[in-house]
Amino acid sequence: MQKNRTVMHYQHEHLENSPEFVGLSVNQGTANAPVINPYLKRTGKKSLLSVAQYVDGIFRGDISVLGQAVTLIESSLSIHQEIAQSILEKCLPHAGNSIRLGITGVPGAGKSTFIEALGMYLVRQKSKKLAVLAIDPSSERTKGSILGDKTRMEELSAVQNAFIRPSPSAGSLGGVAQKTRETIVICEAAGFDTIIIETVGVGQSETAVHSMVDFFLLIQLAGTGDELQGIKRGIMEMADGIVINKADGGNIEKSRVAQSLFKNALHLFPQAESQWTAEVLLASAKDKTGIEQTWDMVERYIDFVHTNGYFMHKRNEQAKYWMYETIDRQIKNKFYNNQQIKDLLKQTENQVLAQKISSFAGAQKLLDKYFENI
């Protein structure tokens, strides 16, 4: 009887603690454990700063404030855009004093590894203040991005004078985030004297990147078959320099052959407007070779175009280009956000699908409706 009482007692707690089960012991649990961690601090939503506070933080080189300002620039909310544009107006007179370097290349060419090696060289050996604006490809299906460039540039991201900002391309031309040029402005106002823009890959639409940088660098690989295959003429003509990466180990000889091929191909193109002759270098981001030579090439180019006046000519042409690009984008946004167009769009689409009107007539109908109310 006593044994049964003992067992019943331990059943109320844990049967395993009964003397019958030698070597077992189960602690008493906490009754009604809280679902939410009691030590969790409730911080709430971070409030927006004033325009003056953002600008002051940017001028002081405060990375936290700079990051918040970039977030406002990338935001589609109208209140954020109003603040962002006010920040940009204040920063614009303090911008323009950097070297803007665009880097593109075929997938797998090692762009991120190369940028980290170059970035570490610039920060450590040249005492540069570097901002890397890495454009991450957005999914066309989910519109999401991995934004993994900060993890791929682990060493550089820990350096004090480096700012790495991955941004989703959001399907914009050439994988360039629409707000990248505006981000360049506030980075320059924050004192960054070197800006690197990494693009998602090679394509004709890399024109968008070329239209916001001073030097356009193409990263290429050797030993992949026909080195020139898949590289469109437009990219080759835009390149101010080509670096054949991963020129190490048993790949050195193949890299030299590829270097010769690219040099010969470049001679077939017309003289660049800058009058600069593009160079082809070998490098290994892994072994940190060719990095110094790459930067020397960039500096020689900058000196060259400053001397012949092309540097400011190109900057002015870029400013005009982005003004017209912004006009196009804003008109498109206003068109699709117009309530009358929203109401008419599906109806017109159905008429086109039913072959009652042509695609061109449908588009004209929508445009006429939009412009008659302006």
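The exercises below, each with a worked solution, concern a predicted model.

**Exercise 1. Determine how strand β5 is covered and which strands pair with β5.**

Step 1. Strand β5 comprises residues 215–220, and six of its six residues are buried.

Step 2. Consider each face in turn. One side carries Phe 215, Leu 217 and Ile 219, and the other carries Phe 216, Leu 218 and Gln 220; all of these are buried, and both faces are thus covered.

Step 3. Turn to the pairing. Strand β1 (residues 99–105) pairs with β5 in the parallel sense, over five bridges. Within this pairing, Ile 103 has Leu 217 of β5 as its bridge partner.

Step 4. Strand β6 (residues 241–244) also pairs with β5 in the parallel sense, over four bridges. Here Gln 220 stands opposite Ile 244 of β6.

Result. β5 has parallel pairings with β1 and with β6, and its two faces are covered.

**Exercise 2. Compare the end-to-end span of helix α5 with the expected value, and assess whether α5 is enclosed or open.**

Step 1. Helix α5 (residues 111–124) has 14 residues, which at 1.5 Å a residue should span 20 Å.

Step 2. The expected span uses one less than the number of residues. The end C-alpha atoms of α5 are 20 Å apart, in agreement with expectation.

Step 3. Because 12 of the 14 residues are buried, α5 is largely enclosed by the rest of the structure. Among the buried residues are Lys 111 and Glu 116, together with Phe 114, Met 120 and Tyr 121.

**Exercise 3. Describe the length, the N-terminal cap and the buried residues of helix α3.**

Step 1. Helix α3 (residues 63–74) has 12 residues and reaches 16 Å from its first C-alpha to its last, close to the 16 Å expected.

Step 2. The N-terminal end of α3 is capped by Asp 62, a side-chain oxygen of which lies 3.0 Å from the backbone nitrogen of Ser 64.

Step 3. The buried residues of α3 are Val 65, Leu 66, Gly 67, Ala 69, Val 70, Leu 72 and Ile 73.

**Exercise 4. Classify Ile 331 and Glu 89 by accessibility, and place each in its surroundings.**

Step 1. Ile 331 lies in helix α13 (residues 310–337). Its relative accessibility is 46%, so Ile 331 counts as partly exposed.

Step 2. Ile 331 forms a nonpolar surface patch with Met 323, Tyr 324 and Ile 327; together they have about 390 Å² of accessible area.

Step 3. Glu 89 belongs to helix α4 (residues 78–91). With a relative accessible area of 60%, Glu 89 is exposed, as the class requires over 50%.

Step 4. Glu 89 and Val 55 are 34 residues apart in sequence, and their C-alpha atoms are 9.9 Å apart in space.

Technical notes: Residues are numbered from 1 along each chain as its sequence is written. This is a predicted model: local features need pLDDT of at least 70, side-chain atom pairs count only at pLDDT 80 or more; totals for chains, interfaces and linings use all residues. Side-chain values use heavy atoms; hydrogens and water are left out. Patches are made of residues with over 30% relative accessible area and no salt bridge: like charges are joined within 9 Å, nonpolar side chains (Val, Leu, Ile, Met, Phe, Trp, Tyr) within 5 Å. Accessible areas come from the Shrake-Rupley method with a 1.4 Å probe; for residues, only the protein chains shown count as cover. A salt bridge is a side-chain nitrogen of Lys or Arg within 4 Å of a carboxyl oxygen of Asp or Glu. Buried means under 20% relative accessible area, exposed over 50%, partly exposed in between (1.4 Å probe, protein chains only). Two strands pair if DSSP finds at least two bridges between them. A polar contact is a pair of N or O atoms within 3.5 Å; within protein, one must be able to donate a hydrogen and the other to accept it, and residues adjacent in sequence count only if both atoms are side-chain atoms.
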